[in-house]
Every structure is written in structure tokens, then in C-alpha cells.
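Student: Can we walk through this structure together, one question at a time?
Tutor: Yes. Have the display open.

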Amino acid sequence: MSLLVVGLSHRSAPVSILERAALSADAQVKLLQDTLAAEPAAEGAVLATCNRIELYADVDKFHAGVAELSTLLAQHSGVGLEELTPYLYVHYEDRAVHHLFSVACGLDSMVVGEGQILGQIKDALALGQELHTAGRLLNDLFQQALRVGKRAHSETGIDRAGQSLVTFGLEQLAEGPDVETWAKGKKALVIGAGSMSSLAAATLARNGVREIVVANRTTARAERLVQILTEPGGTGVAARAVPMVAVGDELTRADVVVSCTGATGLVLTGEAVEAAVAARATPLALLDLAMPRDIDAAAHRVAGVRLVDIESLAEASADAPMAADVDQVRGIVSDEVAAFGAAQRAAHITPTVVALRTMAADVVAGEMARLEGRLPGLDEKQRAEITQTVRRVVDKLLHAPTVRVKQLASEPGGAGYADALRTLFDLDPQTVASVSRADLNDADVKNRGRV
């Protein structure tokens, strides 16, 4: 395993850099395609959220891999390599596994313990599978990261260490944890209809807002979200969809606005916010969860407006209390990293063991053919008994060394046992490689569509 991750997040870079480096959906696709075209990388996956951009790859050379992945991130993010480099972090092999598992558990989130990151990891894996850039290593890694994240949330109280970014943002707007009292009876405008906007709309509905208006570039998506919000047995909130051109008018009527689109430019300018406030008598609360930002930072200075964005959330989360459950989750991550490493090292030797047993089977078949030539009078029952006896002898001779070599290979530093086995038994490297390719193809078929 030569797993490498190069990335930047709210922990390593200021929001201004993260905002400029944000990747659109098309940019993520092109980044993955270029990663696979790069010489050091055999697999690739990109995890892009509102506060992190990470490129994962299976590389054959560490230094060349770091240089290539860093260059690719700079090219596709639009931030020059020289400017971007000081904010990049690099993790390799077990440290890269530890990092992703920590991310999946919410330990590296802006709001510790939030669970939305699991959906984002799931999306990253789905994109890698769709583009066939995620092979056996990254499929195994991301699938296991999802399981580790779910385990952390089910076995510990990590959820108590923080909330989703939406809830945390609403608490900042409400200036306290009692979001329900603050939200009750308010009219909300949600701009965007993606996963974060949908979560925001559902959270607002649960907290008792009177009406939700959903604005989106694609009206059909806004209407689907409205349908979900108003379906029988739901929250009972009144909701309707409007086109993006109606946002200006809706601003004059809304009490709280949550925006999270994939736009590359501003959705709400400072002038638009100022004009809306001038046409209303009550304060306006704005929550910007987009990266890059949807709402002009100048709205901070408009009288009667309270704006909470990713930058202010990052500052507020620095003082958030850490629950005791965090230590328990860290223990889970450490155990799972060790188990994943052992499984990967053991899997590395499997093609060699399979090739060895294939060679042994060929030897048995050859000897039986030779025996039939020398003893043509053997009947079917005698021939079967002799064949079974020879096979049992071979199996018994190979059993102990193959079991032991798998155990040794699963330990740290065990990568060399596959080479030793090939050398000792003079195995054809092409045979081992063909087993590896077949195993990879089976894994690709098995994992496709499972996320």
C-alpha cells in the first residue's frame, strides 16, 4: 500500500484561501482524470467539502507523488502552487489512513463530531467509482472509513461533542442553543437545493419556522425539496419553490436566510442585502454555508443584518467544548487503522499464495499424467485415490508455511514476505500479476454501486 493524501482544510489554511481553492463538480472530475493520467498515481479520489479539499492517490513514488498531486491541486483550484504550498498537508500510508478515519468520525471537522462528513465521503467514493479512478485500495479505504465513522457515532457520544454545521450556524444566529424559540414563527428563505441546503431546510422545519421558501437555479430540484418538506406525516411546515430571480423580492419578506449553492460568484451582494433591509422593518439573519461564499462579506456592515459565514463559524468553533467521548473515538480510530493496515498487508501476499497453490496443482496434474503413462492399467477408482493422496500430501506441506507467511505479512514490515515466497518457489511474476489483476477486477465489480 502506497497511499498518499495531499490537501488543505480549515485547520491548515485561512478561509480566504479555502474559498479561492474550492472545486466545482466539473473541476473535481477533471482533477481525478488528470490524477490518473499522472505517472505516479494508479488510483485517485477527491474529498471536497466547504472546509477541506483533499486528493487521495495510490502512488509508486512518494516524492514524485507529492509533487504531482500538489501541482494538480494548484492547477485545478486556481491558486498558484507557490501560494498554495504553505497551506498543504501531506499524509502517507498509515498516517493517511489515520487521517481519513479521523475525518470520517468528525474529529477533524470544524464542529467536532458532526455527521454530515459521512455523506461527503460517500459522495467522494461514488464519484471515484463512477469515473473508475477508485481501485481496490481506495474502494477498501473509503468503505472502511464509512464503517469506522458509523461505529464512532453508534458506540460513543461523539455527537454530543458538536452539532452539524447547520445547527451550529443557527445557534450562532440565535446567539444561544435555544434555536427552537428563536426560529418559531419565522419565515425562512433557503437558497440552493443540494444536500446542505436540504439539511438546513429540514432543521429549520423541525425548529418551528412558519414558512420555508426554496430558491434554486433548477426549479425542479427546489420543487422536489418542497415536496419532501410538505409530505404527509412530516413537520407540517408551509413551503414553496421560487426561481432564483425571485430571491430579491423574497429577501424583503424573510426573517432568516440560509444559502449554500455551488455558485462560483456571489449570490447575494452587499447592495442587494442593503436594499432588502431598507424595505423591511425587522432584522435579517443570514447564514452562509457555501465555499466559496454566497453572501458578500460586506453584509456584515449593513445595519439590521446579522451574518454568520464559514469564517465566523471557524472562529466560534475554536472555543467549542470537547466531550470526553473524543478520546474514546480516537481509540477506535487507532484500532481500526491497525486492523486496516494488517488486512491490506495480508491481502498483498494473497496473489503470491494463490500462484503458489496453482503451481502445486499443476505439479500434481503433471505427475498424475506421467503416472498414467507408466501404469496404464489403473482403473478409475485407483487413479482417483492416488490423485487424492498426492493432493493431500501437497496441501499438508503447503498449509503451515502459507498460513504462517500470511500472519507474518500482516505485521508491520511484512511486505517483503511476498518477494521471499516468489524467490523460494521460483514463481513466475506474470502468474502472480495475473492473479492480482483478476482480484482487482473482482473488487471493482463487487464495490461498484454499493455506496
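**Helix contacts, then single residues**

Tutor: This is a predicted model. Start with two helices: Val97, Leu100, Phe101 and Ala104 of α5 meet Leu141, Phe142, Gln144, Ala145, Val148 and Gly149 of α7.

Student: How do the residues of the contact of α5 with α7 divide by class?
Tutor: Gly counts as polar in this scheme. The contact of α5 with α7 holds no charged residues. The remainder divides into two polar and eight nonpolar.

Student: Are α5 and α7 parallel or oblique to each other?
Tutor: The axes of α5 (residues 94–104) and α7 (residues 136–155) come within 8 Å. They cross at roughly 45 degrees. Angles under 35 degrees would count as roughly parallel, and 65 to 115 as roughly perpendicular. The two helices are therefore oblique.

Student: Is the crossing of α5 and α7 left-handed or right-handed?
Tutor: Look at how one helix is turned relative to the other. For α5 and α7 the crossing is right-handed.

Student: What is the angle between the axes of α8 and α10?
Tutor: Take α8 as residues 165–174 and α10 as residues 195–206. Their axes come within 9 Å. The helices are oblique to each other, and α8 passes α10 in a right-handed crossing. The crossing angle is roughly 55 degrees.

Student: Which residues in α10 does α8 meet?
Tutor: From α8, the contact uses Leu165, Val166, Thr167 and Leu170. By class, the contact has seven nonpolar, two polar and no charged residues. The α10 partners are Met196, Leu199, Ala200, Thr203 and Leu204.

Student: Where does UniProt place the feature "active site"?
Tutor: The annotation comes from an unreviewed UniProt entry. The residue in question sits in the loop between β2 (41–49) and β3 (52–59). That entry's position is Cys50.

Student: Is Cys50 buried or exposed?
Tutor: Cys50 touches Leu165, Met196, Leu289, Met291 and Ile310, leaving aside residues up to four places away in sequence. Its relative accessibility is 12%. The cut-off for burial is under 20%, so Cys50 counts as buried.

Student: Which residue does a cis peptide bond join to Met291?
Tutor: Most peptide bonds are trans. Here omega is about 5 degrees, and the bond is cis. The partner of Met291 lies in the loop between β9 (284–288) and β10 (305–308). That partner is Pro292.

Student: What is the relative accessible area of Val242?
Tutor: Val242 is in strand β7 (residues 238–243). Not counting residues up to four places away in sequence, Val242 touches Val213, Val214, Ala215, Asn216 and Glu250. Val242 is buried, with a relative accessible area of 6%.

Student: How far is the C-alpha atom of Val242 from that of Arg217?
Tutor: Along the chain, Val242 and Arg217 are 25 residues apart. In space, their C-alpha atoms are separated by 9.3 Å.

Student: What is the phi of His132?
Tutor: Most residues other than glycine have a negative phi. His132 is not a glycine, yet its phi is positive. It lies in the loop between α6 (116–130) and α7. The phi of His132 is about 60 degrees.

Student: Is Glu175 buried or exposed?
Tutor: Glu175 lies in the loop between α8 and α9 (179–183). Its phi is also positive, near 55 degrees. Relative accessibility is 65% for Glu175. Over 50% is the cut-off, so Glu175 counts as exposed.

Note on methods:
Residues are numbered from 1 along each chain as its sequence is written. This is a predicted model: local features need pLDDT of at least 70, side-chain atom pairs count only at pLDDT 80 or more; totals for chains, interfaces and linings use all residues. Side-chain values use heavy atoms; hydrogens and water are left out. UniProt positions are given in the numbering used here, feature names are shortened, and annotations may be inferred rather than shown by experiment. Helices (H or I, at least four residues) and strands (E, at least two) are DSSP runs, numbered from the N terminus. Buried means under 20% relative accessible area, exposed over 50%, partly exposed in between (1.4 Å probe, protein chains only). Contact means heavy atoms within 4.5 Å. Axes are lines fitted to C-alpha atoms, for helices over the stretch in contact, and angles run from 0 to 180 degrees between N-to-C directions. Angles under 35 degrees count as roughly parallel, over 145 as roughly antiparallel, 65 to 115 as roughly perpendicular and the rest as oblique. A crossing is left-handed if the near helix is turned anticlockwise from the far one by less than a right angle, and right-handed if clockwise.
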